[in-house]
Amino acid sequence: MNKLPPLIFEKSRDGKIGHGLGASQVPAEPALDADLRRTEIADFPQVSEVEIVRHYMALARLNYSLDAGIYPLGSCTMKYNPKINEKLAAAEEFQAHPYAPHDLVQGNLELMARLEQWLVALTGLAGFTLAPAAGAHGEFTGMLIIRKFLQEQGDARRVVLIPDSAHGTNPSSAHFAGYEIREVPSNADGIIDVNVLQSFLDGQVAALMMTNPNTLGIFEKNITAIASALHANGSLLYMDGANLNALLGIVRPGDLGVDVMHINLHKTFSTPHGGGGPGSGPVGVASHLLPFLPVPRVVKSGDKYRVIYDNPQSIGRIKNFYGQFLVLIRALAYLSSLGRENIRRVAEDAVLNANYLRKRLQPLLDLPYAADTLHEVVFSDKNLPVKTLDIAKRLLDYGVHPFTIYFPLIVHGAMMIEPTETESKETLDEFIAIMEKILQEAREHPEQLLQAPQQTPVRRLDETLAARKPVLRWRKGENL
Amino acid sequence: MALENLLFTKEHEWLRMDGDSADVGITEYAQHELGDVVYVELPALGREFKKGDPAANIESVKAVSDVFSPLSGTITAVNAKLSNNPELVNQEPYGDGFLFKMKLSHMDEIKELLDQKKYEEYLQGISGE
């Protein structure tokens, strides 16, 4: 395993430079008075070009990514990102200034319109905005749409309901949009019961935010009854589309009564996830909410694409320009290379892979919710001689990125595993073999697991101390 | 620590009554379940809460959790030590790790709280699940 390289500041030696600009041809006429000018930059690293290159290469070698191996981070849908996406996103033909006249960027506008058509076809909703910069931004946008809609109905409401299995971003987004949060408990099967929901419904409930399949990997099978109960109460159904990968081409949320949903292009549609992405969280709405979508909207009139900036009922702009355009290219590249007839196999294989892991790991780990698994499976730490964290840390020693741990919160010591459809059976078998080995170690030498990881550039970090007393600045001569 | 003088909630908070005021904290069980506490967000002085309103926030290495106001009332003091020493919640949940003090507005709500014996029975019920 690679070693942790020293900081670039520690490599610095006085007088080294990485480049020579030559003497200035312009007479020096400083814009600032001498007393305002800095004569040197304190402790700026001084290194040669080759040292800089090696420094960053050394850092890059510490990376773990999908190009290195399986990344079974539950609820994140870390699927392989096909290289054709990158090739097309880098194509010169798509590079344009955001202020370019629309006549000159018809191809880019068409790309946005076609991606929207794809999302409409896959979700059964009426229209999408591609502007949100990430999933949580999409949630927030969706909440603003719901708020504006209800306000225009003269029925501003104050409360958003959220299941206890939800992603933490859901309550945050609703709270940011001005709502009070009420938590709805899941039942013994890990899903929302209509009667329980009914007891929460009153004239203040604006919406329920529901993830389907939920974070236990279980389909919320009461969803149509839930939608009816909400609509009868004048409330809306928001669906968090983080787990759309399980439904792709099989179930259309719009057919289930969903009013608003966001989807994550960086999950379901194979655009980069993590490391800054950037993400992209398009928001789709049913037809009665179309007028409230953010601007700008790309529309086709005749054989030309136009951009509308001033829908009177729109919630307005939520991002500069047109969203993460280069991410949109990747998503359309993915959908176009799969083709409509193959898209269903994404969900089928994702579900098959998760169920294969469930079946093989179930003899070794406690499965707290026995309902059918879709795209991911959640085990608990019940009856284990070590903690979930110890298992996750030990996976690092085997060169595997751990699964999501301690989430969802309703499972004690949760291990949330989502293999995605892009992992082969051989890779899953390797992962299972590693898990079997680790669980055997846990039984025979639990103390070894408490010491994990042993093979990584840094050993087990004191995350508690780091959070309580963070050291945010490096200073020369000060030892950490 | 004289736990027999404390009152408890099913949300794992404790109260130490003093006339119409109460010190409020989280229980040994709660701190153990949360794991290492790294940050505590306390309410502003003078804030009024109804019973069950989220009143404080505890961030541990595992999760961020709401602390619900165990009774209705007004915040009269908060434990300032926690801003630099959140670990007190783990180390002394019934002592220096208390969260805040509140003046109660609905004394009759006390009837709904549990005494030590009932709380311990409740805990046994949970762990038996």
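Tutor: Let's start with a term: two residues are in contact if their C-beta atoms, placed from the backbone, lie within 7 Å. This is a predicted model, where local features need pLDDT of at least 70, side-chain atom pairs count only at pLDDT 80 or more, and totals for chains, interfaces and linings use all residues. Residues are numbered from 1 along each chain as its sequence is written, and chains are lettered from A in the order in which they are written.

Student: Which residues of helix H6 of chain A are buried?

Tutor: Helices are DSSP runs of H or I with at least four residues, and strands are E runs of at least two, numbered from the N terminus. A residue is buried if 20 or more other C-beta atoms lie within 10 Å of its own. In H6(A), residues 169-176, these are Asn170(A), Pro171(A), Ser173(A) and Ala174(A).

Student: Why are they on the same side of H6(A)?

Tutor: Take the directions from the helix axis to the C-beta atoms. The buried residues share a side because they cover an arc of only 165 degrees.

Student: What covers the buried residues of H6(A)?

Tutor: Among the strands of chain A are S2 (159-163), S3 (180-184), S4 (205-211) and S5 (236-241). The cover also includes a helix, H5 (135-152).

Student: At what angle do H5(A) and H6(A) pack?

Tutor: Axes are lines fitted to C-alpha atoms over the stretch in contact, and angles run from 0 to 180 degrees between N-to-C directions. The axes of H5(A) and H6(A) are 8 Å apart, and the angle is about 45 degrees.

How values were computed
A residue is buried if 20 or more other C-beta atoms lie within 10 Å of its own, exposed if 12 or fewer, and partly exposed in between; C-beta atoms are placed from the backbone.
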